[in-house]
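Let's work through some charged pairs together. Grab a pen and try each task before you read its solution.

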Amino acid sequence: MNIFAWMQTYPDFSTTEQTIAQYLIENGHRCANLNAETIMSECYVSRAALYRFCTRCGFSGLRALLLQMNADAVKWNQQTAALDFSYPFTEQDDLLTVASSLQKDYSQSILMAQSLLVQKDLEKAIQAMRKASRIVVFTSASNIPAAQSFRFQMAEINKTVLVPVDEYEQRLQASQCGPDDFPIVITMAARGWNAPFLIRHFQKTERPWLLISSRTLALAPSDTAYRLFLPNEEDHAARISSFSTRASLNWLLDVLFAAYFQLDYQANRLCKANAYNIIGSKGR
């Protein structure tokens with residue numbers, strides 16, 4: 001995960017840690033010239049607090065943190081370039097400018113999602129998908145088409161994915177998920193009717209499952225609950241319009257499919273080719 005994205009979205013910083021995080025984000029362009037004394041002086045924090053912050057971010061010290069910031073700065077600057085996510089174009093723009101603005105909106109949404117990707121959780125989720133006899137995706141409303149598209153992709157390589165749609169069917173399917181099933185819950189902030197129920201239910205089952213959400217949705221650490229994150233800016237409830245909303249979800253589900261496909265690359269290519277040969281035979 002991009003360290004700037006980590007600092008911006010981590011939900012459990014103390015007030016002092018939030019101050020340090022905001023300072024480092026705003027001064028990331030000069031991270032090569034920062035040192036402990038400067039940060040302590042400008043943030044009004046102690047050395048102990050600064051090094052606790054480094055530990056919280058997963059680094060052994062300030063130097064390691066600043067080196068990672070320097071490495072991640074270019075991509076971070078690309079994804080945080082000024083853009084109105086709610087209305088990425090104006091009424092005066094010509095059609096080519098509108099098209100270009102939407103392209104930038106999509107690109108930045110995906111860049112933000114990429115910066116939040118945690119490789120170890122992605123790897124665990126893919127291995128759990130491989131072991132499962134079925135994958136069951138639980139989501140709602142406008143996320144259903146993305147889940148159905150994922151189901152179709154996986155069906156082409158002979159992997160069963162279920163996408164229950166209505167609330168009763170989702171609860172019924174959740175109650176019937178067995179040890180050979182791998183549940184995936186997709187929700188931005190668990191505002192939907194079923195999302196809190198599904199999260200509580202799968203936390204209790206102690207089987208591997210995947211939660212795809214924004215980082216604002218807190219979840220107690222668990223060895224069986226894997227997390228993949230959507231950018232907070234993609235929260236439909238926090239946006240005025242729907243331009244590019246769910247672009248990051250479509251990308252993330254494509255990443256899941258691609259990573260799963262890669263596990264048995266040649267076999268999956270052959271499976272798709274055989275399926276299309278039969279489908280395209282026109283009854284001959």
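**Exercise 1.** Is Glu42 buried, partly exposed or exposed, and which residue does Arg30 pair with in a salt bridge?

*Solution.* Start with the surface: Glu42 has a relative accessible area of 43%, and that makes it partly exposed (buried is under 20%, exposed over 50%, partly exposed in between, with a 1.4 Å probe and protein chains only). A quick word on the source: this is a predicted model, where local features need pLDDT of at least 70, side-chain atom pairs count only at pLDDT 80 or more, and totals for chains, interfaces and linings use all residues. Residues are numbered from 1 along each chain as its sequence is written, and side-chain values use heavy atoms, with hydrogens and water left out.

Next, the partner: Arg30 forms a salt bridge with Glu42, with 3.5 Å between the closest N and O atoms (the rule is a side-chain nitrogen of Lys or Arg within 4 Å of a carboxyl oxygen of Asp or Glu). Arg30 sits in the loop between helix H2 (15–26) and helix H3 (36–43), and Glu42 in helix H3, so the pair ties together parts 12 residues apart in sequence (helices are DSSP runs of H or I, at least four residues, numbered from the N terminus). Arg30 is partly exposed too, at 26%.

**Exercise 2.** Which parts of the chain does the pair Arg130 and Asp264 link?

*Solution.* First, the contact: their side chains meet in a salt bridge at 3.0 Å, N to O. Then place them: Arg130 is in helix H7 (residues 119–131), while Asp264 is in the loop between helix H11 (247–263) and helix H12 (265–279), 134 residues apart.

Technical notes: Helices (H or I, at least four residues) and strands (E, at least two) are DSSP runs, numbered from the N terminus.
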